[in-house]
Amino acid sequence: MDAEIRSQAPSAEHLMGTDKLGRDVFSRSMLGGRVTIVVTLIAIAIAIIWGGLLGIVLGLLNGRSDEIIMRFVDALLSIPWLLILLLIISVMGTEMWVQTLTFGFTYGILSVRVARAATLDFVTSEFVLAARARGERKRTIVMRELLPNVRDVLLVDGAMNWSWMLLAFTSLSFLGFGVTPPTPDWGFMIAKNREILATQPWAVFGPVLMLSTLIIGINLFADAFAKALGLDRSQGAPV
């Protein structure tokens, strides 16, 4: 912090100006995504693993247990995500490991539905029927027959969910449930500088630009990845 350069407009020395405490907005915006990206990347990996495996198992069983669990999943999906996140984090705390596990659990529910829908397309395939005829165990069928075929769908869906997770994590930071100051964070930077948005918009423009650029890049990557794998994201999967 430097009181002599507070609230300066963008210049050659400070590309995005300085905030009301005399801190360089550009450098803080560049560093503000470190925690966000690390936490959400680990969380989306957790979500794909547990949600994907559970969805594949449910699609293979396709019985009464499948119906019961899916109705529970539907009930969770009907609740606004931000309320669930706020409830868990307010009870468990704002530590990074708590937020990582919370995001991994909540977004894994989406992966359950996607994995189950994709699995239903393969459970009647010849290679699955042949594995059952050989007396293969369900665990073997899941790991050797179904998972390799559902994996690409889960990866594309995970890339899309990552962008939503970034927005959710930033929203929590904006509300004060994210990174602890003075660690730079996009959501916290936007919250603290919104009161001077009319007179010093560059203090908010930096983190907004970084976040929007990252999310647009993730969406473009997901589109290209889906096309490379021969997947059509515009078509809905069976439920």
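These legends go with a set of close-up views of a predicted model of one protein chain.

**Figure 1. The whole chain is built from helices.** Welcome to the structure: before zooming in, here is the overall picture. The protein chain has nine helices and zero strands, so its pattern along the sequence reads α-α-α-α-α-α-α-α-α. Along the principal axes, the C-alpha atoms occupy a box of roughly 80 × 40 × 25 Å. Of the 239 residues in the chain, 43% are buried. If you take contacts between residues at least 6 apart in sequence, 69% of them join residues at least 24 apart.

**Figure 2. The surface and its charges.** This view turns to the outside of the chain. The accessible surface of the protein chain is about 12600 Å², and carbon and sulfur atoms account for 66% of that surface. On the charged side of things, there are 20 positive and 19 negative side chains. The centres of these two sets lie 7 Å apart.

**Figure 3. Helix α8, a mostly covered helix.** Helix α8 runs over residues 186-193, and seven of its eight residues are buried. The buried residues are Trp 186, Gly 187, Phe 188, Met 189, Ile 190, Ala 191 and Asn 193. What provides the cover? Among the elements that cover the buried residues of α8 are α1 (25-31), α7 (138-175) and α9 (202-228). At the N-terminal end of α8, look for Asp 185, which caps the helix. A side-chain oxygen of Asp 185 lies 3.2 Å from the backbone nitrogen of Gly 187.

**Figure 4. Leu 77 in helix α3.** Helix α3 covers residues 64-77, and Leu 77 belongs to it. Is Leu 77 buried or partly exposed? Its relative accessible area is 26%, so Leu 77 is partly exposed. Leaving out residues up to four places away in sequence, Leu 77 touches Ile 109, Leu 110 and Arg 113. For a sense of scale, you can also find Leu 209, which is 132 residues from Leu 77 along the chain. The C-alpha atoms of Leu 77 and Leu 209 are separated by 30 Å.

**Figure 5. Aromatic rings that link two helices.** The structure holds six aromatic pairs. One of them joins Phe 103 and Phe 169 in a tilted arrangement, with 6.0 Å from centre to centre and 50° between the planes. This pair links distant parts of the chain, since Phe 103 sits in helix α5 (residues 96-120) and Phe 169 in helix α7, 66 residues apart. Phe 103 has a relative accessibility of 1% and therefore counts as buried. Phe 169 is buried too, with a relative accessible area of 0%. Both rings belong to an aromatic cluster formed by Trp 81, Phe 103, Tyr 107 and Phe 169.

**Figure 6. A stacked pair within helix α9.** Here the view moves to another aromatic pair. The rings of Phe 221 and Phe 225 have centres 5.7 Å apart and planes at 10°, so they are stacked. Why are these two residues separated by about one helical turn? Because they are four residues apart in helix α9. Phe 221 has a relative accessibility of 52%, which means that it counts as exposed. Phe 225, at a relative accessible area of 23%, is partly exposed.

**Figure 7. Gln 99, a buried residue in helix α5.** Gln 99 lies in helix α5. With a relative accessibility of 0%, Gln 99 falls under the 20% limit and so counts as buried. Which residues is Gln 99 in contact with, leaving aside its neighbours within four places in sequence? They are Ile 89, Thr 94, Phe 169, Leu 172, Phe 177 and Gly 178. You may recognise Phe 169 from the aromatic cluster with Trp 81, Phe 103 and Tyr 107.

**Figure 8. Asn 219 and a backbone oxygen.** The last view returns to helix α9, where Asn 219 is found. Asn 219 counts as partly exposed, at 24% relative accessibility. The side chain of Asn 219 reaches the backbone oxygen of Ile 215 at 2.7 Å. Trp 162 is also worth finding here: Asn 219 and Trp 162 are 57 residues apart along the chain, and their C-alpha atoms are separated by 9.2 Å.

How values were computed: Residues numbered from 1 in each chain as written. Predicted model: local features only at pLDDT ≥ 70, side-chain atom pairs only at ≥ 80, totals over all residues. Heavy atoms only, no water. Buried < 20%, exposed > 50% of the residue type's maximum accessible area, 1.4 Å probe, protein only. Contact = heavy atoms within 4.5 Å. Areas by Shrake-Rupley, 256 points an atom, 1.4 Å probe, with all protein chains shown as cover. Lys, Arg positive; Asp, Glu negative; His and termini not counted. Charge placed at Lys NZ, Arg CZ, Asp CG, Glu CD. Polar contact = N/O pair within 3.5 Å; in protein donor to acceptor, adjacent residues only side chain to side chain. Phe/Tyr/Trp six-rings, centres within 6.5 Å; stacked < 30°, edge-to-face > 60°.
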